[in-house]
Amino acid sequence: MIKWFKRKKKKDGGEEGENIREARIEEEMEEEERPAETLTSEEAPEPEAEDELEPEKSFPAFSEEEIPDEEWAEAGEVPEEGVPKRGFFRRLRQRLKGTREKFVHRIDKLVLGKKVIDEDLLDELEEILITSDLGVKTTGMLLRKVADKVKRKELSDPARLREQIREEIKTVLSVEASPLDYRSHKPFVVMIVGVNGTGKTTTTGKLANQLKQEGLKPMLVACDTFRAAAVEQLSIWGERTGVPVVKQKSGSDPSAVAFDALDAAVSRDIDVVFMDTAGRMHTKVNLMEELKKIHRVVDKKMPGAPHEVFLVLDASTGQNALSQAKLFKEGIGLTGLILTKLDGTAKGGIVAAICDEFQVPVRYIGIGESIDDLRPFDAEEFTNALF
């Protein structure tokens, strides 16, 4: 692996490549907000039009309509033989086009016309994996497994290299975890955490809508009382989905909101409680302390809760998402990940890097802005759509 870095440095005249610079998290993560001030209900600003609440794109539903071939042509994607014209898989494959071009297509070009798997080929494969945001650790693991199979003469044909990488990535994504059962407790309490801008509040609203469609009674809790219009934004999602929202005025103690919400959930016979928490920059200690306090209050009020802690990550941030996952896991502990904005990025390889690094399962992925574009994650389906 050191060979690639040396070669890259020499090639660029001593300058670091674009993808290496992405690993410099401190320079990328500039503070986007100043500490919020306590506002009265009269002073609270009107909800602003945020990216998360833009009008939905006019994509057809997953299971009811076909995606016309014209839409695929506009996106530069040619419908493949054997790939269904209906359903989530076709939609997922379309939305992973950027990652597929940056990762899978480059592997195809690498092995084209090659007769043997030699050291030079593995060096080039290493470059492709690292620059596809799989990270140094995951890249090293994949290369060791490939090299081991080559050494044992179990893999010699370069044409089979693509299939071997596909199988290894599927294994990495298949993190062992208990099935997610929202009916195992009542109410089932879920904390949603993440930095601002990842789509956390929007994801919370989409999750509530999904469970309501499945016949459960969800509730939304506005524990982000610091960000301007955060409470109002969650309220809009509550109105849009027909789900009750527990909230207090901006500047209230988030732990007090969580405490009151549990009382309300019991009295209203709620099945699942989603707590949307603050998301100021993860480098600030006070954010982690605030989340720990909410966790303690919820556990004291209802022993064993929260039953899940989901971290929402913006897949388009690449290696930055890896840094966020590390700090949130160390700070409050995580039980699941939600990857959003996979439709607008070529950095989908970060999914494998995070799973391999932290062994935390991906529970959901977001591939668009529509209310139905958040779906449970399936490692095999995702890998098949990518490759």
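Which residue forms a salt bridge with Asp-133? In this predicted model, the partner is Lys-102, and the closest N and O atoms of the two are 3.5 Å apart. Asp-133 sits in the loop between α8 (119-131) and α9 (135-151) while Lys-102 belongs to helix α6, so this contact ties together parts that are 31 residues apart in sequence. Neither end is out in the open: Asp-133 is buried, and Lys-102 is buried too.

That pair is part of a bigger tally, as the structure holds 21 salt bridges. Take Asp-373 and Arg-91, whose closest N and O atoms are 3.1 Å apart in their salt bridge. Here the reach along the chain is 282 residues, because Asp-373 comes from the loop between β7 (362-366) and β8 (374-376) and Arg-91 from helix α5 (residues 87-95). Both ends turn out to be tucked away: Asp-373 is buried at a relative accessible area of 2%, and Arg-91 counts as buried at 3% relative accessibility.

Now look at Lys-186, which forms a salt bridge with Asp-271, with 3.2 Å between the closest N and O atoms. This pair links distant parts of the chain, 85 residues apart: Lys-186 is in the loop between α10 (161-173) and β1 (188-193), and Asp-271 is in the loop between α13 (254-267) and β4 (272-276). The two ends see different surroundings. Lys-186 has 52% relative accessibility, so it counts as exposed, the cut-off being over 50%. Asp-271, on the other hand, is buried, with a relative accessible area of 14%. Elsewhere, salt bridges join up into a network that links Asp-148, Lys-149, Arg-152 and Glu-154.

On to the aromatic rings, where the count comes to five pairs. One of them is Phe-103 with Phe-387, an edge-to-face pair at 5.8 Å centre to centre with 75° between the planes. Phe-103 lies in the loop between α6 (97-102) and α7 (104-111), and Phe-387 in the segment after α17 (379-386), so the two rings tie together parts that are 284 residues apart in sequence. Both rings are shielded: Phe-103 counts as buried at 2% relative accessibility, and Phe-387 counts as buried at 8%.

Tyr-182 and Phe-188 give another edge-to-face pair, because their ring centres are 5.3 Å apart and their planes stand at 75°. Tyr-182 is buried at 7% relative accessibility, and Phe-188 is buried as well, with a relative accessible area of 3%. Add Phe-274 to these two residues and you have one aromatic cluster: Tyr-182, Phe-188 and Phe-274.

Notes: Residues are numbered from 1 along each chain as its sequence is written. This is a predicted model: local features need pLDDT of at least 70, side-chain atom pairs count only at pLDDT 80 or more; totals for chains, interfaces and linings use all residues. Side-chain values use heavy atoms; hydrogens and water are left out. Rings of Phe, Tyr and Trp (its six-membered ring) pair if their centres lie within 6.5 Å; planes under 30 degrees apart count as stacked, over 60 as edge-to-face and the rest as tilted. Helices (H or I, at least four residues) and strands (E, at least two) are DSSP runs, numbered from the N terminus. Buried means under 20% relative accessible area, exposed over 50%, partly exposed in between (1.4 Å probe, protein chains only). A salt bridge is a side-chain nitrogen of Lys or Arg within 4 Å of a carboxyl oxygen of Asp or Glu.
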